[in-house]
Amino acid sequence: MPLLRNADAPAVPGVADRLFIHYDRTVAFGLVLDIDGAPPGIDALREHLRDRTGPLVALHLLPHRASSGWQRVGRPLDLTVHVRQGPDDRSGRARDELTNELIRKDLPQPPHPPWDMWLLANQGNQGHHWYRICFRMDHALCDGVGAAYYLAALLADQELPAPHLHRPARPTLAAASRFARNYLRRPPRGRAWPDLSADYQGGARIAYVDVPDDRLLALARAWGVTVNDVYLTALALALPVWHSREFPESPFLGLTAAVPLSVRTSGNEGAPGNHVVSMDLALPRSPSDPRHCLEAVLKQTRQAAHTGYRDTAHFLIERVLSPWLTRPNPRPRHALTATHLKLPSPWTVFGSSLTAAGLFCVPAGKMPCYVSLTRTAAIARLGVVHDRRTPGATRLPELWRNALSELESRVGRPAGEPVTDACPPSPAPP
């Protein structure tokens, strides 16, 4: 069993935690894990988790709206409430349909902490077995990197490193200036999908596409950039195409994406709360040459990395602006959130390999559409969580994959001309 590291709950949640606590409905987020092998029984899974949940503090907390804080649950966890068996393939429904039903369910209610784990089993087709685990929790208690750490501690057969821990840097005036431009000035009007001004309308679903992770790594090497830059550039290329098909009468004016940046450091891998800030990323107004699009993205990501933007933003939010940031913004500043998570490997559960995974967040209120790139050792999954506001968003993952082909077709054209400022690479996730 992996060595688990305990972390005491901080006395006061951070700004992001308090914002999630005060949304009009619980913001459920988590990870879907696809595992290649025979599924365990539900009793075996509960027994596997029984001794592993104790040191993981966020699994024992309740958000408390009246105090904008957390309360620790003093009773043992009831794993019959938190670890559930979902329908198997004999129900006649596809696993993605079942997953979409699960993410819309209410999380466990007090006095139980708001998290659960669902086991979706396949009975086997010509001897092949797979199963899916869907882990959900209240976003007021944890972020994506923390959730990945928790899942590895709960499920993995081997001890795994925490995903992409941040190495702190000193805040800078250049980063503070960029932060002020991002947060104290409203984005231009129209820089959003036309129907994202409405409240969350229910019916959340996950659309996704899988590509080999080696394909992204090869593209990153060919362009001299990071996988994160490739991911965001392909998204920037796909969005205008998507918009022109979904809203042919409405011109695409570009949009501003929120790109989460983790500030979790060594020593607080399992600490509860959202240890994250976001960076504004302005995406182009119209389809452009892939090279120019990549350079537009790269200019922003490199500037953020070289100026210590995430540490500066974290300092300003938590130390300076915290008293004023107490409620969710009724007018979101972003059209979408675009996040990226690389899971540690090799990762096996009950002797079977984790093959693919997807990070998701079910929106609440006027939260933006949620886009994620989740990478395992072999598969990178581009996922889009959407609701009735954006029914056509199911087409976006395939357009993103098509954009990867555009980037591949432009490698080396014109020959020998490097991407502007391609070296050295930024210290973003590889």
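Q: Helix α4 (residues 95-103) lies across β1, β5, β6 and β12; at about what angle does the helix run to β6?
A: This is a predicted model, so keep that in mind as you look around. Find helix α4, which spans residues 95-103, and you'll see that β1 (28-36), β5, β6 (130-138) and β12 (352-361) are the strands it lies across. Now compare its direction with that of β6: the angle is about 15°.

Q: Which strands stand at the edges of the open sheet with the order β4-β5-β6-β1-β12-β11?
A: This sheet is built from 6 strands, and its pairing is mixed. An edge strand has a single partner, so one side of it is left without a neighbour in the sheet. That's the situation for β4 (83-85) and β11 (348-349).

Q: Which residue of β5 stands opposite arginine 84?
A: Start with the strands: β4 pairs with β5 (residues 115-121) in the parallel sense, over 3 bridges. Helix α2 (residues 42-50) packs here too, touching both β4 and β5, and its direction makes about 165° with that of β4. Look across from arginine 84 into β5 and you land on tryptophan 118.

Q: In the sheet with the order β7-β14-β13-β10-β8-β9, what does the twist average from one strand to the next?
A: Here we have another open sheet of 6 strands with mixed pairing. At its edges are β7 (205-212) and β9 (276-283), each with a single partner strand, so each has one side without a neighbour in the sheet. Going from one strand to the next, the twist averages 20°.

Q: Which residue in β10 stands opposite alanine 258?
A: Strands β8 (residues 255-262) and β10 (residues 336-342) run parallel and are joined by 2 bridges. Across from alanine 258, in β10, is threonine 337.

Q: Are the rings of phenylalanine 20 and tyrosine 23 stacked, edge-to-face or tilted?
A: A search of the whole structure turns up 4 aromatic pairs, and this is one of them. The ring centres are 6.0 Å apart, and the planes make an angle of 35°. Planes under 30 degrees apart would be stacked and over 60 edge-to-face. With 35° falling in neither range, the pair is tilted.

Q: Are tyrosine 149 and tyrosine 150 buried or exposed?
A: These two also form a tilted pair, because their planes are at 55°, with the ring centres 6.2 Å apart. As for accessibility, under 20% relative accessible area counts as buried and over 50% as exposed. Both tyrosines come out as buried.

Q: How far is arginine 95 from the ring centre of tryptophan 130?
A: Elsewhere, the charged end of arginine 178 sits over the ring of tyrosine 309, 5.5 Å from its centre. Arginine 95 lies over the face of tryptophan 130, and its distance from the ring centre is 4.4 Å.

Technical notes. Residues are numbered from 1 along each chain as its sequence is written. This is a predicted model: local features need pLDDT of at least 70, side-chain atom pairs count only at pLDDT 80 or more; totals for chains, interfaces and linings use all residues. Side-chain values use heavy atoms; hydrogens and water are left out. Rings of Phe, Tyr and Trp (its six-membered ring) pair if their centres lie within 6.5 Å; planes under 30 degrees apart count as stacked, over 60 as edge-to-face and the rest as tilted. Buried means under 20% relative accessible area, exposed over 50%, partly exposed in between (1.4 Å probe, protein chains only). A charge sits over a ring if NZ of Lys or CZ of Arg is within 6 Å of the ring centre and within 35 degrees of the ring normal. Two strands pair if DSSP finds at least two bridges between them. Helices (H or I, at least four residues) and strands (E, at least two) are DSSP runs, numbered from the N terminus. Axes are lines fitted to C-alpha atoms, for helices over the stretch in contact, and angles run from 0 to 180 degrees between N-to-C directions. Contact means heavy atoms within 4.5 Å.
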